[in-house]
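Trainee: Please pick one part of this structure and take me through it closely, with every cut-off stated. I would rather have one connected account than a list.

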Amino acid sequence: MKRLLVVLGAVCFVVLLLGAMFDLAPASVQLHAAVAANLPASGVEHPVTAVLLNFRGYDTLLEIAVLLLAMIVILATGIDTAADVRPSVNPVLQALAKLAAPLMIMVAVYLLWAGAFRPGGAFQAGAVLAAAAVLLHLVELLPGWQSPSTRLRLGLAGGFLVFLAVGAGSLMRGALLEYPPEHAGRLILLVESGLTVSLGLILAGLFLLLSRDDGDGP
Amino acid sequence: MMVWLILLPLLWASFAFLLGPGRGVWLAMAGLLAQLWLAYALAEEIVASGVAEHAVGGWGAPLGIDLVADGLSAAMLLLTQCVALPLAVYASAYFKRDDPAATYFWPLVGFLLAGLNALFLSADLFNSYVTLELLGLAAVGLVAAGGGAQQIASALRYLFATLVGSGAYLLGVALIYGTYGTVSTVTLTPLIGAGAPDLVWIAGGLMVVGLMLKTALFPFHFWLPPAHGGAPAPVSALLSAVVVKASFYLILRLWIGPFSSLTVAANLVVWLPALLGMLAVFWGSYQAIRAERLKMLVAYSTVAQLGYLFLIFPLLVSAGALQAVIMQVFAHGLAKAAMFAAAGTLIKATGQDTVAGLAGVAERLPVTLFAFGLAGVTLMGLPPSSGFLAKWQLIELALSQQYWVIAFVVLVGGLLAAVYVFRVLRQAFLLAPAGSVVMPVPRTLEWTAFVLAAASVLLGLRGVELMQLVGIT
């Protein structure tokens, strides 16, 4: 009965929402035009990267902070280290994973570089890196993390700190994250490279920390 | 200057994380001191030369994101830094070495403050969402940190509430963007007229209800008492004093900003939050009067005090309403920080978290009990405290519009607050039962609570400057 009511409520809400969406006039502010007009000054050629790293780079800065924070929250809760016993892994799987990992790293580098002019960028590249780490963990080639060492912490926070440093540097000269047009491309690549490494580590860490086993952390 | 209020906590939080578990207290202290100075300087600048703006990336809205600091933002920033610094000093004495709750305490607090400061400065609906996420996640982390199963459970409930709240808010933002093609509040405000399409009403409703959930307005308060009552005392103090106010601030901003023509068009809508606020005052006070655990009493008192904030919505049309509600935000923020800090000290000293276990603490911990009492004076609204000033203004506004019911609720709420405050004080003055031990506590714990409580009372004497600041739009 309760479930039925919830479903009924949800259906009513969706119908209401759809009904309201149909009598909608075209938006009065056309941001596409503004993005297209300012694209040459943004330092990159792809509009999505331009919005994420330049026009609304401040949002991205805070989003990265959220991801780093998620990592810290997991560390702070101090989840019990449970020794998980896993069945021995097929050597064929291990061999395949060894083969796949370098390729995945290459794909990540390509995605990072491609972000300037086609869909791609730090988030996608970082996700691929993280996937490589998870794959290696699943075939027992990479141990789960206990508590991160100083070097690993530097890797986790490094990308965010580079971004923050670029922001603080630009603030000294003018506005926060205001890149001089002639250096914009290089600065964005610098920020994205740092982010790729850190995002890869953070996303992998969210998985590897929660599946901690007996092995020592890297 | 205002941008540094966001960058600075992000910087010291990251460096505290790099330093490792349990480290970073001096970084945090230096950062907080600088932030307090920045917030004060920003307030002075605004009083001298009006609203300050900053176009991030140099693009300007609607393409880029704008930061705007007016009197309201500056006041909230000032309150946040004023509460955070004494609580940081308190926390540094509160956590023992190797306390599991303190492993990553400083990074979490840094991100929390960055989220708060960024929220108060944001003039962009989507950017506000990002700051809400930063804030909510840091708060959940602080509640969960190093706690037992029960604490993790209340943190998860808090996480659930805060995620549903931000989800509803984000859906609203998406609908607004679909309708108008922008999320900048400055651009939106003139665009949203009284004849706005239905979708905007739905969006506004979703955003406000989502934020009410995050503010723990009755009946969405279910997550607050376990989360605030179960967390370590410095965390409870920080969450009750400023974090719940952040989502209230956003409701207020939307109400008087982008949605102002909607709220004027629909007269009855203003009574919905006010009605819930009234119920919150009664229900929260009732639960506080009944509570057996001291920190639960203080947490339920927060539910009640948040209710007052929502009484303002029918009164917002008259001048001085913003000043009244911000005075209440300050009064409760300072007093509740003091009260949780004092409660934490009492619990540390007696070794138990019950009101009944307080017997005899009056002679052993007079400073802490005095701090608790002073904070109570502010919550009751006795002169000359800032609580009195806030309630006085609320009642005056209510009477000038002949909303008797609001004045009545404010008065009765003050009496109910007196009941639960005196319940604690009376118990503390009883003779200690034979064999009870009161452990010595660091002086720092006692005096930081006292400073906060004294500030909440003394602000009543210097309220004019604050009201002048809030008036700058």
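Chain B, from its interface to helix α16

Mentor: In this predicted model, 50 residues of chain B are in contact with 47 residues of chain A, contact being two C-beta atoms, placed from the backbone, within 7 Å. On the chain B side, the elements that give two or more residues are α1 (2-19), β1 (52-56), α4 (105-121), α5 (125-144), α6 (149-180), α7 (185-191) and α8. The largest share, eleven residues, comes from α5(B). By class, that side of chain B divides into 33 nonpolar, 15 polar and two charged residues. Nonpolar covers Ala, Val, Leu, Ile, Met, Phe, Trp, Tyr, Cys and Pro, charged covers Asp, Glu, Lys and Arg, and the others, Gly among them, are polar. Helices (H or I, at least four residues) and strands (E, at least two) are DSSP runs, numbered from the N terminus.

Residues are numbered from 1 along each chain as its sequence is written, while chains are lettered from A and ligands numbered from 1 in the order in which they are written. As the model is a prediction, local features need pLDDT of at least 70 and side-chain atom pairs count only at pLDDT 80 or more, whereas totals for chains, interfaces and linings use all residues.

The part to look at closely is α16(B). Eleven of its 15 residues are buried, so α16(B) is mostly covered; buried means 20 or more other C-beta atoms within 10 Å, exposed 12 or fewer, and partly exposed in between, with C-beta atoms placed from the backbone. Among the buried residues are Leu369(B), Phe372(B), Leu374(B), Val377(B) and Met380(B). The buried residues pack against α13 (294-310), α14 (321-350), α15 (361-364), α17, α18 and α19 (443-458) of chain B. The length also checks out: the 15 residues should span 21 Å at 1.5 Å a residue, and the end C-alpha atoms of α16(B) are 20 Å apart, which agrees. The expected span is 1.5 Å times one less than the number of residues.

What follows α16(B) in the chain? Gly381(B) comes just after the helix, with a positive phi of about 90 degrees. A cis peptide bond then joins Pro383(B) to Pro384(B), with omega near 5 degrees. Pro384(B) lies in the loop between α16 (366-380) and α17 (386-400). Most peptide bonds are trans, and most residues other than glycine have a negative phi. Beyond α17, in the loop before α18 (404-429), sits Gln402(B). Gln402(B) is not a glycine, yet has a positive phi of about 60 degrees. Gln402(B) is exposed, with 9 other C-beta atoms within 10 Å.

One of the partners of α16(B), α13(B), has its own packing with α12 (271-290). The axes of α12(B) and α13(B) come within 7 Å and cross at roughly 160 degrees. That makes the two helices roughly antiparallel. Axes are lines fitted to C-alpha atoms, for helices over the stretch in contact, with angles from 0 to 180 degrees between N-to-C directions; under 35 degrees counts as roughly parallel, over 145 as roughly antiparallel, 65 to 115 as roughly perpendicular and the rest as oblique.
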